[in-house]
Structure formats: structure tokens, C-alpha cells
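The following exercises concern the strands, helices and surface of one protein chain. Each task is followed by a solution in steps.

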Amino acid sequence: MYILKATDVHKKFQHNEVLKGISMQVKKGEVIAIIGPSGSGKSTFLRCLNRLEKIDHGSIEIEGEYMVKNGPDGKAVYSSEKDIARMRLKMGMVFQSFNLFPHKSVMENLVMAPMLVQKTDLKQARETAMMFLEKVGLGQNALNYPFELSGGMQQRVAIARALCMNPDIMCFDEPTSALDPELTGEVLQVMKDLANEHMTMVVVTHEIGFAREVADKVIFMDEGLIVEEGHAEDVIIHPRQIRTKEFLSKVLMAR
């Protein structure tokens, strides 16, 4: 059974159709990397998966339960807000811009959602937060504020914060694009460690080396469509589609 399934997803912003029928299936423990040029719809698709954006047509299932599916008129109809909120708890989200609360310490950033949303008591929330801070190599920074940390450290805090909600799926939206190259490696290492522990992950990334090394499947998107998908080695090293070849040649030459 698929832990996450999207079928024929369409999304418009006014008259601009950003997603033109995207389908994707994710098995438990799988790592899916989504690559493609800027403006291809990658981040929009990721945001649609956990209802940060609403789709116009198609369906999205999480662990066999529909978050959204087409109604009789062919337009997307969402489940109740209560059911959506419950399903969204199964998905952790890490953004490119960290989205930490600047006026709260690292520990406060991590315990807030478990306490407010899951009604976890403070002691348990702190223990869980400390466990995940140690996991991302920041156990000594629990009392620091975000401005005292490097960009790479802030992103690792953001990953730990998402893990504190005990999600079944982790979604990453270009998690290293705001980082200097020297800080990118520390974030990618945390993500590799999660993959090695069989965390289910959907990663929108421009890090082709990471996609090749870690992903079970790579999806190449362009202009709102999936152009090519398959095993990482097949898509990245032996792409079949001309558009994929053009994109990868430019990306790899730029490095």
C-alpha cells in the first residue's frame, strides 16, 4: 500500500496552470527526489500535498485516506477541516527559509507545536526535543536563539522541529537553497541519516548529487508536468527524454 498517493493533480493561479496533471505514489520508507528548473511547479506540488495550497482537480490520499478527491462536477472536494488537520499531522514540512520564531529559543521553537497541537506535557516535549536536537548535532544549542546560529544550524533546527511531531512522511522544499555551499553539506547529512533510518521522504531539491545518492526514485518536472521518472541512476545518468538531458547538462556544467 502507498503511504502517499497523488493522482492527476491540477492547480491554477488565476489563468496560469502551474500543475497540469501530476501523479505520484510513495511507498513507506521510500525517498522521492523531485528535480527540475525554477517555475516547473515542484514547490507548488509539494505544498498541495499537505494542503498549504488547494488543488483544482485530482486526488491526494495519505495512508489510504482521501484528503481531497474529485466531486461529481470534476472539481476537487476536500475532506472536513478536522480530518485534514489530523492528516496533516502525518506530514512534516521543512521549508527553504527555516521559518523559525526569532523571538523564541531553539527549545521553545521545538516544544511549541507538540504542546499546542498534540497536548504533550512540557517535560515530555522537552525530552523529545532534546532527543532530536542531539540527532541533528545541536544538543548544545537548545537555549540559543535563531539569530545566534548559522543558516545550516537553523535548518537543522527546523528539521528537528518537524521530527518532534513524529510524522510518517517528511517533506523538504529546497532545504539547502538559502544556504552557502559550505553549510549545505551538514543539512544534507542529516537528511541522509534520516533516509538510512527508512524515513519516508519527498524532497524538492536542486542537489543532483544528493538525489542520485539517496533517492529511491527521481521525478523530473518541467512546465507543470512530469517529464521523466524512475530510479535515480536511470534518470540522472541515463535520461531518456531530451528535456531531461538538457536540464541535467546545464546543472552539471554549472557545478
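**Exercise 1. Pairing around strand S9**

Task: In this predicted model, which residue of S9 stands opposite methionine 170, and how many bridges join S8 to S9?

Solution. Step 1: the residue of S9 opposite methionine 170 is methionine 201.
Step 2: S8 and S9 run parallel and are joined by 5 bridges.
Step 3: S9 also pairs with S3, in the parallel sense, over 4 bridges. Within that pairing, isoleucine 32 has valine 202 of S9 as its bridge partner.

**Exercise 2. Burial of strand S9**

Task: Determine whether the residues on each face of S9 are buried or exposed.

Solution. Step 1: a residue counts as buried when its relative accessible area is under 20%.
Step 2: in a regular strand, side chains alternate between the two faces of the sheet. In S9, Thr200, Val202 and Val204 lie on one side, with Met201 and Val203 on the other.
Step 3: all of these residues are buried, and both faces of S9 are therefore covered. The count agrees, as 5 of the 5 residues of S9 are buried.
Step 4: helix H6 (residues 181–196) lies across S9, as well as across strand S3 (31–35) and S8. The helix runs at about 145 degrees to S9.

**Exercise 3. The sheet that contains S9**

Task: Give the strand order of the open sheet of 6 strands, and explain why one side of S7 and of S11 is left without a neighbour in the sheet.

Solution. Step 1: the order is S7-S8-S9-S3-S10-S11, and the pairing is mixed.
Step 2: strand S7 (91–94) and strand S11 (225–230) are at the edges; because each has a single partner strand, one side of each lacks a neighbour in the sheet.
Step 3: on average, neighbouring strands of this sheet are turned by 15 degrees against each other, direction ignored.
Step 4: the partner of S7 is S8 (residues 169–173), with parallel pairing over 4 bridges. Valine 94 has phenylalanine 172 of S8 as its bridge partner.

**Exercise 4. The antiparallel sheet**

Task: What is the order of the strands in the open sheet of 5 strands, and which strands form its edges?

Solution. Step 1: the strands follow the order S2-S1-S4-S5-S6, with antiparallel pairing.
Step 2: the edges are strand S2 (16–27) and strand S6 (76–78), each of which pairs on one side only.
Step 3: S1 and S2 run antiparallel and are joined by 9 bridges; tyrosine 2 stands opposite lysine 27 in S2.
Step 4: the hairpin of S1 and S2 has 2 residues between the strands, and glutamine 14 takes a positive phi near 60 degrees there.
Step 5: strand S1 (residues 2–13) also pairs with strand S4 (residues 57–62), in the antiparallel sense over 5 bridges. Histidine 10 has histidine 57 of S4 as its bridge partner.
Step 6: helix H2 (residues 81–88) lies across S4, strand S5 (65–70) and S6, at about 125 degrees to S5.

**Exercise 5. A nonpolar surface patch**

Task: Why does leucine 116 count as exposed, and which residues form a nonpolar patch on the surface?

Solution. Step 1: leucine 116 belongs to helix H3 (residues 106–117).
Step 2: the cut-off for an exposed residue is over 50% relative accessible area. Leucine 116 has 56% relative accessibility and therefore counts as exposed.
Step 3: the nonpolar patch on the surface is formed by Leu89, Leu116 and Val117, which together have about 260 Å² of accessible area.

How values were computed. Residues are numbered from 1 along each chain as its sequence is written. This is a predicted model: local features need pLDDT of at least 70, side-chain atom pairs count only at pLDDT 80 or more; totals for chains, interfaces and linings use all residues. Side-chain values use heavy atoms; hydrogens and water are left out. Two strands pair if DSSP finds at least two bridges between them. Axes are lines fitted to C-alpha atoms, for helices over the stretch in contact, and angles run from 0 to 180 degrees between N-to-C directions. Contact means heavy atoms within 4.5 Å. Patches are made of residues with over 30% relative accessible area and no salt bridge: like charges are joined within 9 Å, nonpolar side chains (Val, Leu, Ile, Met, Phe, Trp, Tyr) within 5 Å. Accessible areas come from the Shrake-Rupley method with a 1.4 Å probe; for residues, only the protein chains shown count as cover. A salt bridge is a side-chain nitrogen of Lys or Arg within 4 Å of a carboxyl oxygen of Asp or Glu. Buried means under 20% relative accessible area, exposed over 50%, partly exposed in between (1.4 Å probe, protein chains only).
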